[in-house]
Amino acid sequence: MVEILFKRKYVEGRSIKITELGKKIIEIFEKYYPDILDINFTRKMEENLEKLENKPDISLKEKIIEENVEIIKDLSKVMKENEKKIGEELYNFIKDYLNKRKLKSN
């Protein structure tokens with residue numbers, strides 16, 4: 001997980017330090033899908049994954065999968081409905097960020 005954060009340039013340095021891009025991603029999630037950042041949401045998702053790992057009976061496994069499918073569908077719906085706005089926000093942020101870096105290097 002941590003490797004992914006570094007690979008995607010959300011964090012940098014030896015210790016984890018959030019980058020401007022990482023902050024922008026969080027800001028977008030807070031604006032369009034705040035549940036994904038809620039500690040209770042992430043706790044529930046982690047618990048569900050642990051339950052699946054522990055090889056529960058098939059009915060519990062199906063229930064967990066159905067819950068997670070609904071969560072993913074909801075997130076996908078929100079992201080699709082706001083795709084253009086999210087894209088524009090990210091595009092403008094990255095464009096401004098790159099312009100600032102270019103100015104600093106000159």
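**Entry 1: the second largest pocket**

I began with the second largest pocket and found that α5 gives the largest share of its lining, four residues. I note here that the model is predicted.

I then looked up which other elements take part. Besides α5 (83-105), the strands β1 (11-12) and β2 (17-18) and the helix α2 (20-32) each give at least two residues to the lining. The volume of this pocket came out at about 270 Å³. I counted 13 lining residues in the record of the pocket, and those closest to its centre are Lys9, Glu12, Thr19, Glu20 and Tyr97. By kind, the lining splits into eight nonpolar residues, four charged ones and one polar one.

**Entry 2: helix α5**

I checked the length of α5 next. Its 23 residues run 33 Å from the first C-alpha to the last, close to the 33 Å expected at 1.5 Å a residue.

Which residues of α5 are buried? I wrote down Ile86, Glu89 and Phe93. The cover over the buried residues of α5 includes α2 and α4 (58-81).

**Entry 3: phenylalanine 93**

I picked phenylalanine 93, which sits in helix α5. Is phenylalanine 93 buried or exposed? Its relative accessibility is 18%, and the cut-off for buried is under 20%, so phenylalanine 93 counts as buried.

I listed its contacts, leaving out residues up to four places away in sequence: phenylalanine 93 touches Glu20, Leu21 and Lys24. I also took one distance along the way. Isoleucine 39 is 54 residues from phenylalanine 93 along the chain, and their C-alpha atoms are 27 Å apart.

**Entry 4: lysine 24**

I followed the contact of phenylalanine 93 with Lys24 from the other end. Lysine 24 belongs to helix α2. With a relative accessible area of 13%, lysine 24 is buried.

What does lysine 24 touch, leaving aside neighbours within four places in sequence? I found Glu89, Leu90 and Phe93. The side chain of lysine 24 also makes a polar contact, at 2.9 Å, with the side chain of glutamate 27.

**Entry 5: helix α3 and asparagine 48**

I moved on to α3 (residues 39-53). For its 15 residues, a rise of 1.5 Å a residue gives a span of 21 Å; I found the end C-alpha atoms 21 Å apart, so the two agree.

I looked at both ends of the helix. At the start of α3, a side-chain oxygen of aspartate 38 comes to within 3.1 Å of the backbone nitrogen of asparagine 40. Just after α3, lysine 55 has a positive phi of about 50 degrees.

Within α3 I chose asparagine 48. Its relative accessibility is 3%, so asparagine 48 counts as buried. Not counting residues up to four places away in sequence, asparagine 48 touches Ile64, Glu67 and Asn68.

**Entry 6: lysine 61**

My last entry concerns lysine 61, in helix α4. How accessible is lysine 61: buried, partly exposed or exposed? Its relative accessible area is 29%, and partly exposed lies between the cut-offs of 20% and 50%, so I put lysine 61 down as partly exposed.

Leaving aside neighbours within four places in sequence, lysine 61 is in contact with Leu52 and Pro56. I took one distance here too: the C-alpha atoms of lysine 61 and glutamate 30 are 30 Å apart, with their positions 31 residues apart along the chain.

Notes:
Residues numbered from 1 in each chain as written. Predicted model: local features only at pLDDT ≥ 70, side-chain atom pairs only at ≥ 80, totals over all residues. Heavy atoms only, no water. 1 Å grid on protein atoms, 1.4 Å probe; cavity = no way out; pocket = protein on both sides within 12 Å on 5 of 7 lines; lining within 4 Å. Points joined across faces, edges and corners; volume = space filled by probe spheres on them. Nonpolar A, V, L, I, M, F, W, Y, C, P; charged D, E, K, R; others polar. Buried < 20%, exposed > 50% of the residue type's maximum accessible area, 1.4 Å probe, protein only. Contact = heavy atoms within 4.5 Å. Expected span 1.5 Å × (residues − 1). Polar contact = N/O pair within 3.5 Å; in protein donor to acceptor, adjacent residues only side chain to side chain.
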